[in-house]
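Here is a friendly note to read alongside the model. Please keep the sequence and the 3D view open while you go through the points.

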Amino acid sequence: MTNPPPTKSRTLTTAGPSAAEPATPRPAVGEPKGAARKGVPSALRPDPHSQDGRYPVAWLSISSPRYGHMPTAASQCQCGWNHSAIGHAQVRALIEAHTAHRDTCPLRHPQEGRAAA
């Protein structure tokens, strides 16, 4: 009669801890240079932390699940403006309100600079 194979692997114990050895670098043979850079750069979103000092402040999200269904929209701004709409007429009104908010947003047009001018 033979013994059945063990169902669990056995752990080997050593006399003391051993340091992990660094892996040797593998040669980069056949790897084309700049292959990852040949993608379409316009398919990526722009970096919100660009070096010119601009960053997004307000967002307008519009969605409609399928043609002929009820659209929804949400308008949010970092100043606290937060509105949503459901239906064709309300979504159109929210788009106009979001566009008008650009002129009155305190983050886009700081008030302390206006008093000095």
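**Notes on the predicted model**

1. Along the sequence, the chain follows the pattern β-β-β-α-α. That gives two helices and three strands. Here helices (H or I, at least four residues) and strands (E, at least two) are DSSP runs, numbered from the N terminus.

2. Before going further, please note how the model was treated. This is a predicted model, in which local features need pLDDT of at least 70 and side-chain atom pairs count only at pLDDT 80 or more, while totals for chains, interfaces and linings use all residues. Residues are numbered from 1 along each chain as its sequence is written, and side-chain values use heavy atoms, with hydrogens and water left out.

3. How confident is the predictor? The score to look at is pLDDT, the predictor's confidence in each residue, from 0 to 100. The mean pLDDT of the chain is 75, and 54% of its residues reach 70 or more. Confidence is highest in strand β3 (residues 82–86), at a mean of 95, and lowest in helix α2 (residues 111–116), at 56.

4. Now for the chain as a whole. Its accessible surface comes to about 11,200 Å², and 56% of that belongs to carbon and sulfur atoms. Accessible areas come from the Shrake-Rupley method with a 1.4 Å probe, and for residues only the protein chains shown count as cover. Of the 117 residues in the chain, 10% are buried. Buried means under 20% relative accessible area, exposed over 50%, and partly exposed in between (1.4 Å probe, protein chains only).

5. Contacts tell you which parts of the chain meet; a contact means heavy atoms within 4.5 Å. Among the contacts in the chain with a separation of 6 or more, 19% are between residues 24 or more positions apart.

6. A good residue to visit is S75, in strand β2. Is S75 buried or exposed? S75 counts as buried because its relative accessibility is 0%. Leaving out residues up to four places away in sequence, S75 touches W59, L60, W81, N82, H83, L94 and H98. The side chain of S75 also makes a polar contact with the side chain of W81, at 2.7 Å. A polar contact is a pair of N or O atoms within 3.5 Å; within protein, one must be able to donate a hydrogen and the other to accept it, and residues adjacent in sequence count only if both atoms are side-chain atoms.

7. Next along the chain comes Q76, which is in strand β2 (residues 72–77). With 40% relative accessibility, Q76 counts as partly exposed. Not counting residues up to four places away in sequence, Q76 touches V57, A58, W59, W81 and N82. The C-alpha atoms of Q76 and L60 are separated by 6.6 Å, although these residues are 16 apart along the chain.

8. Follow that link to L60, in strand β1 (residues 58–63). L60 has a relative accessible area of 31%, so L60 is partly exposed. Which residues does L60 touch, not counting residues up to four places away in sequence? They are A74, S75, I95 and H98. L60 and T99 are 39 residues apart in sequence and 9.4 Å apart in space, C-alpha to C-alpha.

9. L60 also belongs to a nonpolar patch on the surface, formed with I62 and I95, and together they have about 220 Å² of accessible area. Patches are made of residues with over 30% relative accessible area and no salt bridge, with like charges joined within 9 Å and nonpolar side chains (Val, Leu, Ile, Met, Phe, Trp, Tyr) within 5 Å. A salt bridge is a side-chain nitrogen of Lys or Arg within 4 Å of a carboxyl oxygen of Asp or Glu.

10. Another residue of strand β1 is A58. A58 is partly exposed, with a relative accessible area of 33%. Leaving aside neighbours within four places in sequence, A58 is in contact with Q76, C77 and H98.

11. Finally, look at helix α1 (residues 88–104), where H98 is placed. H98 is buried because its relative accessible area is 6%. Aside from neighbours within four places in sequence, H98 is in contact with A58, W59, L60, S75 and W81. R92 is also found in helix α1, and R92 counts as exposed, at 54% relative accessibility.
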